[in-house]
Amino acid sequence: MRKFQMMHILSTAAIVLLIMITLCGMLSWDTSKTYETVNQYGETIKMWGSGIYARDSYLKATIFIGSDMCMLFIGIPLTALSVIYDVKKKDKLSFLLLVSVLAWLLYYAASLCFGVTYNMLFLAYTALFVCTFFAFIIGIYRISGEHFDVPDILSGKPYTVFLVLSGISTFIAWLPDIVSSFGSGRLQLIEVYTTEITYILDMGIISPTAFICLYLLKKRNSFGVVLLSVLLIGIIVVGILVIFQTAVQLVSGVDLPIPAIITKSAIFTLLGIYAAILAGKLYKAIVEGE
């Protein structure tokens, strides 16, 4: 019977850190303490002014709080269930699910470490990044030694369409912002930040992973199944995440143009629903193949 104790320990530590981080984030939801400051471009920016996001912009703080809410109500229970399921089952599917969840906890941790203005939770952010990073590395190392039969359903059009859409959706969402910045030399909504970590992670890692996965599946390489699971779980979580973020922004009075809602919210929500359908079929096929 397989044992991955260190991976479970790190995952449990990540859950504890997530509870603290997300609760602090949600308790920062107070729109009465805003103030204005001048950024590095000489623009007047509205700042949040409350809690751990006091030195973040009003727009970004609402996004961070929405993410915290999603992680508290969806991410933490999902991680806990994945750990418990793997401890009990110790089969390929349970391990695959845990590795997939850890990949997206790592994404969240990286977003906090490199995206949020320095605050009193910095060490907690770093600890979360360390736990999820090494848990994911251990998981990838161990799962690379497993053989997954590539289900015949993965050669069908639905999965190909999903991977292609996942690969190009990040560019549809973020590339226009970057292209439009070429003239001014800065992003339109750069506010008080120096860069946008989401653009880097999505276009630099998520998009290539989708196309690499597609290539591996075409070659019937079992590691393609691992990457597919990571992407499916991730897109499902992102689909839920943007709903929380958009809701917090709207309640907080952030002016969201319809085009922005369509390109940055609706696309990922619909893709998340599509991913959930495909994930159910994939995991059923894996169970039937064992």
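1. Contact here means heavy atoms within 4.5 Å. Keep that in mind as you look at Tyr-53 in this predicted model. Leaving aside residues up to four places away in sequence, Tyr-53 touches Gly-25, Ser-28, Trp-48, Ala-61, Phe-64, Ile-65, Asp-68, Val-116 and Tyr-125. It is worth clicking through these neighbours one by one.

2. Now step back to the core around such residues. The largest nonpolar core has 92 residues, and those that touch the most other members are Tyr-53, Tyr-125, Leu-128, Phe-162, Leu-228, Leu-282 and Tyr-283. Two or more residues each come from α1 (5-26), α2 (58-89), α3, α4 (122-143), α5 (157-179), α6 (197-218), α7 (223-251) and α8 (258-289). Which element gives the most to this core? Helix α3 does, with 18 residues. As background, nonpolar side chains in soluble globular proteins tend to be buried together.

3. Next, the aromatic rings. A pair of aromatic rings is described by the distance of the centres and the angle of the planes. Across the whole structure, a search finds nine aromatic pairs. In one of them, the ring centres of Trp-104 and Tyr-107 are 5.3 Å apart and the planes meet at 40°, so this pair is tilted. Both residues belong to helix α3 (residues 92-115), where they are three residues apart, or about one turn of the helix. Are these two residues buried or exposed? Trp-104 is buried, and Tyr-107 is buried as well.

4. A second ring pair makes a nice contrast to study. Phe-133 and Phe-134 pair edge-to-face, with 5.1 Å from centre to centre and 85° between the planes. Phe-133 has a relative accessible area of 31%, so it is partly exposed. Phe-134 is also partly exposed, with a relative accessible area of 43%. Ring pairs join both of them with Phe-114 and Phe-129 in a cluster.

5. Rings can also have a charge above them. Where does the charged end of Lys-60 sit? The charged end of Lys-60 sits over the ring of Tyr-193, 5.9 Å from the ring centre. Likewise, the charged end of Arg-186 sits over the ring of Tyr-41, and here the distance to the centre is 5.1 Å.

6. Strands deserve a look too. Strand β1 (residues 35-38) pairs with β2 in the antiparallel sense, over four bridges. One of the details to find on screen is Val-38, whose bridge partner in β2 is Thr-44. Together β1 and β2 make a hairpin with five residues between them, and Gly-42 in the turn has a positive phi of about 80°. Along β2 (residues 44-47) the side chains alternate: Ile-45 and Met-47 are buried and point to one face, whereas Thr-44 and Lys-46 point to the other face and are not buried.

7. Two loop residues are worth checking for their backbone angles. Glu-191, in the loop between α5 and α6, has a phi near 50°, which is a positive value in a residue other than glycine. Is Glu-191 buried or exposed? With a relative accessible area of 12%, Glu-191 is buried, because the cut-off for buried is under 20%. Arg-220, in the loop between α6 and α7, has a positive phi of about 55° although it is not a glycine. At 44% relative accessibility, Arg-220 is partly exposed.

8. Polar side chains give you a few more things to inspect. Asp-86 lies in helix α2 and is buried, with a relative accessible area of 1%. What does the side chain of Asp-86 make a polar contact with? Its partner is the side chain of Ser-94, at 2.7 Å. Thr-12, in helix α1, is partly exposed at 40% relative accessibility. The side chain of Thr-12 reaches the backbone oxygen of His-8 at 2.8 Å.

9. Finally, try comparing distance along the chain with distance in space. Thr-12 and Val-83 are 71 residues apart in sequence, and their C-alpha atoms are 7.8 Å apart. Val-287 is a residue of helix α8 and is partly exposed, with a relative accessible area of 46%. Its C-alpha atom is separated by 15 Å from that of Leu-154, with their positions 133 residues apart along the chain.

Notes. Residues are numbered from 1 along each chain as its sequence is written. This is a predicted model: local features need pLDDT of at least 70, side-chain atom pairs count only at pLDDT 80 or more; totals for chains, interfaces and linings use all residues. Side-chain values use heavy atoms; hydrogens and water are left out. Rings of Phe, Tyr and Trp (its six-membered ring) pair if their centres lie within 6.5 Å; planes under 30 degrees apart count as stacked, over 60 as edge-to-face and the rest as tilted. Buried means under 20% relative accessible area, exposed over 50%, partly exposed in between (1.4 Å probe, protein chains only). A charge sits over a ring if NZ of Lys or CZ of Arg is within 6 Å of the ring centre and within 35 degrees of the ring normal. A nonpolar core is a set of buried Ala, Val, Leu, Ile, Met, Phe, Trp, Tyr and Cys residues joined through side-chain atoms within 4.5 Å. A polar contact is a pair of N or O atoms within 3.5 Å; within protein, one must be able to donate a hydrogen and the other to accept it, and residues adjacent in sequence count only if both atoms are side-chain atoms. Two strands pair if DSSP finds at least two bridges between them.
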